[in-house]
Amino acid sequence: EDPAISRKRKKYRNNRRIKYTEGWVEFANKKVAKRVASALNNTPIGGKKRDYYSQDIWNMKYLSKFKWHHLTERIAYESNVRQQKIRNEMTEAKREATFYLNKAGQSKALAAMKRKRTAKGEQFETSNRKRVFRQRDLVTKD
């Protein structure tokens, strides 16, 4: 079960038991695996009536040409993707924090400059400044 879903379920409901969404069974014999999958598919898990999982239904499927290493590779890949996503979010948050700190420092410096200029009696303009760039004359082919 996804950790976020589990957290939400535990917070808002009384049910604190683990919910299994998927699982795998490895058999040594292929014929036994096929027979078990066909026999248990779409049958109730059973047990006592009061048992939590007694009313649930098995959903089994024989996966042909599926090896155990495929499963471990998939799980490793999903964990790598999750870690990469977290790393990306962390770098983005760090970038935003440094941008904010830089802008706060600039704002503080501009406020200090404004205070100094107003103390001297000069006028201080921040965003109304126009920049003038000298441009070269056009060169025409004669």
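S54 counts as buried, with a relative accessibility of 5%, which is under the 20% cut-off for that label. That's a handy way into this predicted model. From S54 we'll move to the loop around it, then to the helices on either side, and finally to the largest pocket.

**S54 and its surroundings**

- You'll find S54 in the loop between α2 and α3.
- Its side chain has two backbone oxygens to look at: for S54, one belongs to D51, at 3.0 Å, and another belongs to K49, at 3.3 Å.
- Which residues does S54 touch, once you leave out those up to four places away in sequence? They are P44, I45, G46, G47, K48 and K49.
- So K49 turns up twice for S54: as a residue that S54 touches, and as the owner of a backbone oxygen that the S54 side chain reaches, while S54 itself is buried at 5% relative accessibility.

**Two loop residues with a positive phi**

- A bit of background helps here: most residues other than glycine have a negative phi.
- N42 isn't a glycine, yet its phi is positive, at about 65°.
- You'll see N42 in the loop between α2 and α3, and this residue follows α2.
- Is N42 buried or exposed? N42 is exposed, because its relative accessible area of 58% is over the 50% cut-off.
- K65 is another residue other than glycine with a positive phi, this one near 60°.
- K65 also sits in the loop between α2 and α3, and K65 is exposed, with a relative accessible area of 76%.

**Helix α2**

- α2 covers residues 30-40.
- At the N-terminal end of α2, N29 acts as a cap. A side-chain oxygen of N29 lies 3.2 Å from the backbone nitrogen of K31.
- After α2 comes N42, with that positive phi near 65°.

**Helix α3**

- α3 runs over residues 68-120, and there are 53 residues in this helix.
- How far apart are the end C-alpha atoms of α3? They are 78 Å apart, and that agrees with the 78 Å span you'd expect at 1.5 Å a residue.
- G121 comes just after α3 and takes a positive phi of about 100°.
- A93 is part of helix α3. A93 is partly exposed, because its relative accessible area is 41%, and that label covers the values between 20% and 50%.
- If you compare A93 with K19, the two are 74 residues apart in sequence. In space, A93 and K19 are 33 Å apart, C-alpha to C-alpha.

**The largest pocket**

- The largest pocket has a volume of about 1300 Å³.
- There are 34 residues lining the largest pocket. Those closest to its centre are G23, W24, V25, M60 and K61.
- Which helix gives the most to the lining of the largest pocket? That's α2, with five residues.
- Both α2 and α3 supply at least two residues each to this lining.
- Sorted by class, the lining of the largest pocket has 19 nonpolar residues, 10 charged ones and five polar ones.

Note on methods. Residues are numbered from 1 along each chain as its sequence is written. This is a predicted model: local features need pLDDT of at least 70, side-chain atom pairs count only at pLDDT 80 or more; totals for chains, interfaces and linings use all residues. Side-chain values use heavy atoms; hydrogens and water are left out. On a 1 Å grid over the protein atoms alone, a cavity is a set of points where a 1.4 Å probe fits but cannot get out, and a pocket is an open set with protein on both sides within 12 Å along at least five of seven lines; lining residues have an atom within 4 Å of a point. Grid points are joined across faces, edges and corners, and a volume is the space filled by probe spheres set on the points. Helices (H or I, at least four residues) and strands (E, at least two) are DSSP runs, numbered from the N terminus. Ala, Val, Leu, Ile, Met, Phe, Trp, Tyr, Cys and Pro count as nonpolar, Asp, Glu, Lys and Arg as charged, and the others, Gly among them, as polar. Buried means under 20% relative accessible area, exposed over 50%, partly exposed in between (1.4 Å probe, protein chains only). A polar contact is a pair of N or O atoms within 3.5 Å; within protein, one must be able to donate a hydrogen and the other to accept it, and residues adjacent in sequence count only if both atoms are side-chain atoms. Contact means heavy atoms within 4.5 Å. The expected span of a helix is 1.5 Å times one less than its number of residues.
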